[in-house]
Amino acid sequence: MVGGSPNGRTDVADHAPAFAGPVASGSGAVRRDLRTYLSLIKVEHSLFALPYAYVGMIIAADGWPGWRTFLLITLAMVGARTAAMAANRVIDARLDALNPRTAGREIPSGRLTRIDGVVVALLGVGALAFAGSALNPLTLALLPVALAFLIAYPYTKRFTWACHLWLGVTIGAAAAGGFIAVTGSFHLVAVLLWIAVAAWVAGFDVIYAFADLGHDREHGVHSLPADLGEDRAVFAVGALYTVSVLALMGVGLVTDFDPSWPYEGLGLAYPLMWAVVVSFLIQQVRALRRYRNARALDAFNVNLVLGPLVLLGTILGLVWR
């Protein structure tokens, strides 16, 4: 079960060792309060991956899986995402300090130290390990793989524009993780959910890269817009979003028409939700084509509503079918 940093381009790492030298670019005093720690891990961005873990969970259970499973999945997701974001902040602190847009973050500004970030990351790993071990043997066996993907992500930006795909695969595992947590096994539905979220996350991470295009080129940080150009990046976003919506459609088709699927389908609400998601994604690509980096963040922020929308459509599909 995996969660990670959704705004990958804001978590860029340079070639310096993670713990080499001071990085604080401001004069702020250390502030170890709850608000600062929550800001460090961007807790509000849990809306990206957590709803998809719940989608996988309720589809696998054909409804409510019980409080124990729900709470353990939530703990695993929060732990994974906390570990990933805190590790990213520690690894990327030096280059964050060089970027005017990110220099005010907790570690570069001096409000927290790298040691604080390491402690938060370790607490997240502990929560993930506890929840994974309590769910079933498969989730426990997959924990090392999940952690390897989470921690490795910041380093992919050092050498390849495919870092967006790595981030997508990492966060997309959340949807499959919710399914596996209930069933203890893989299924085509879990794979399709994984692909849908992976392509969606990779697509909007490319959008976010437009905001740092000049900085990435100046400092040798790899991204699709910086390496391959803006036109190809816009095309890639459209292609990735197309893969995502086709995979979401596949989930509905499998649950409706696959004779091996043990439950009823997802009802009318699911295709209606799918149509709304498609319209949102089309509007994002159109805005990106027209405005490029000037409107990149506006296009990106629309994605905050898509996870809850897919979750709502899935719940209503199970209730009214």
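**Helix packing, aromatic pairs and nonpolar cores in a predicted model**

At 8% relative accessibility, Trp-261 counts as buried. The model that holds this residue is predicted. Trp-261 lies in the loop between α12 (230-257) and α13 (269-291). There, Trp-261 forms an aromatic pair with Phe-179. The two ring centres are 6.4 Å apart, and the planes stand at 35 degrees, a tilted arrangement. Phe-179 belongs to helix α8, so the pair ties together parts that are 82 residues apart in sequence. Phe-179 is also buried, because its relative accessibility is 3%, under the 20% limit. Trp-261 is further touched by Val-254.

The overall fold is made of helices. The protein has 15 helices and zero strands. Of its 321 residues, 56% count as buried. Among contacts with a separation of 6 or more, 80% are between residues 24 or more positions apart.

Phe-179 also takes part in a helix-helix contact. Helix α2 (residues 50-61) packs against helix α8 (residues 163-183) at an angle of about 35 degrees. Their axes are 6 Å apart. The crossing is right-handed. From α2, the contact is made by Tyr-52, Ala-53, Gly-56, Met-57, Ala-60 and Ala-61. From α8, Ala-174, Ala-175, Gly-178, Phe-179, Val-182 and Thr-183 contribute. By class, nine of the contact residues are nonpolar and three are polar. No charged residue takes part.

The loop that follows α2 runs to α3 (67-91) and contains Asp-62. Phi of Asp-62 is near 55 degrees, a positive value in a residue other than glycine. Most residues other than glycine have a negative phi. Asp-62 has a relative accessibility of 23% and therefore counts as partly exposed.

Nine aromatic pairs are found in the structure. Besides the tilted pair of Phe-179 and Trp-261, Trp-200 and Phe-204 form an edge-to-face pair. Their centres are 4.9 Å apart, with 75 degrees between the planes. Both residues lie in helix α9 (residues 188-209). They are four residues apart, about one turn of the helix. Trp-200 is buried, at 2% relative accessibility. Phe-204 is buried as well, with a relative accessible area of 0%. Elsewhere, Tyr-54, Trp-64, Trp-67 and Phe-70 form one aromatic cluster.

Nonpolar side chains tend to be buried together in soluble globular proteins. In this model, the largest nonpolar core has 68 residues. The residues with the most contacts inside this core are Ile-59, Ile-73, Val-189, Trp-200, Tyr-241 and Val-251. Helix α9 supplies the largest share, eleven residues. Val-251 shows how distant segments meet. Beyond its neighbours within four places in sequence, Val-251 is in contact with Ile-59, Val-189, Leu-192, Leu-193, Leu-266 and Tyr-270. Another core, of ten residues, lies apart from the largest one. Its members include Ala-86, Ala-93, Val-120 and Ala-121.

Val-254 is placed in helix α12. At 11% relative accessibility, Val-254 counts as buried. Residues up to four places away aside, Val-254 touches His-187, Leu-188, Val-189, Leu-192 and Trp-261. Val-189 and Leu-192 are also among the contacts of Val-251. The C-alpha atoms of Val-254 and Gly-265 are 8.2 Å apart in space, and these residues are eleven apart in sequence.

Tyr-37 lies in helix α1 (residues 34-41). With a relative accessibility of 23%, Tyr-37 counts as partly exposed. Leaving aside neighbours within four places in sequence, Tyr-37 is in contact with Arg-32, Leu-112, Asp-116 and Val-120. Of these, Val-120 is a member of the ten-residue core. Arg-111 is 74 residues from Tyr-37 along the chain, and their C-alpha atoms are separated by 9.7 Å.

Key
Residues numbered from 1 in each chain as written. Predicted model: local features only at pLDDT ≥ 70, side-chain atom pairs only at ≥ 80, totals over all residues. Heavy atoms only, no water. Axes fitted to C-alpha atoms, helices over the stretch in contact; angles between N-to-C directions. Helix = DSSP H or I, 4+ residues; strand = E, 2+ residues; numbered from the N terminus. Left-handed = near helix turned anticlockwise from the far one by under 90°. Contact = heavy atoms within 4.5 Å. Nonpolar A, V, L, I, M, F, W, Y, C, P; charged D, E, K, R; others polar. Phe/Tyr/Trp six-rings, centres within 6.5 Å; stacked < 30°, edge-to-face > 60°. Buried < 20%, exposed > 50% of the residue type's maximum accessible area, 1.4 Å probe, protein only. Core = buried A, V, L, I, M, F, W, Y, C linked by side-chain atoms within 4.5 Å.
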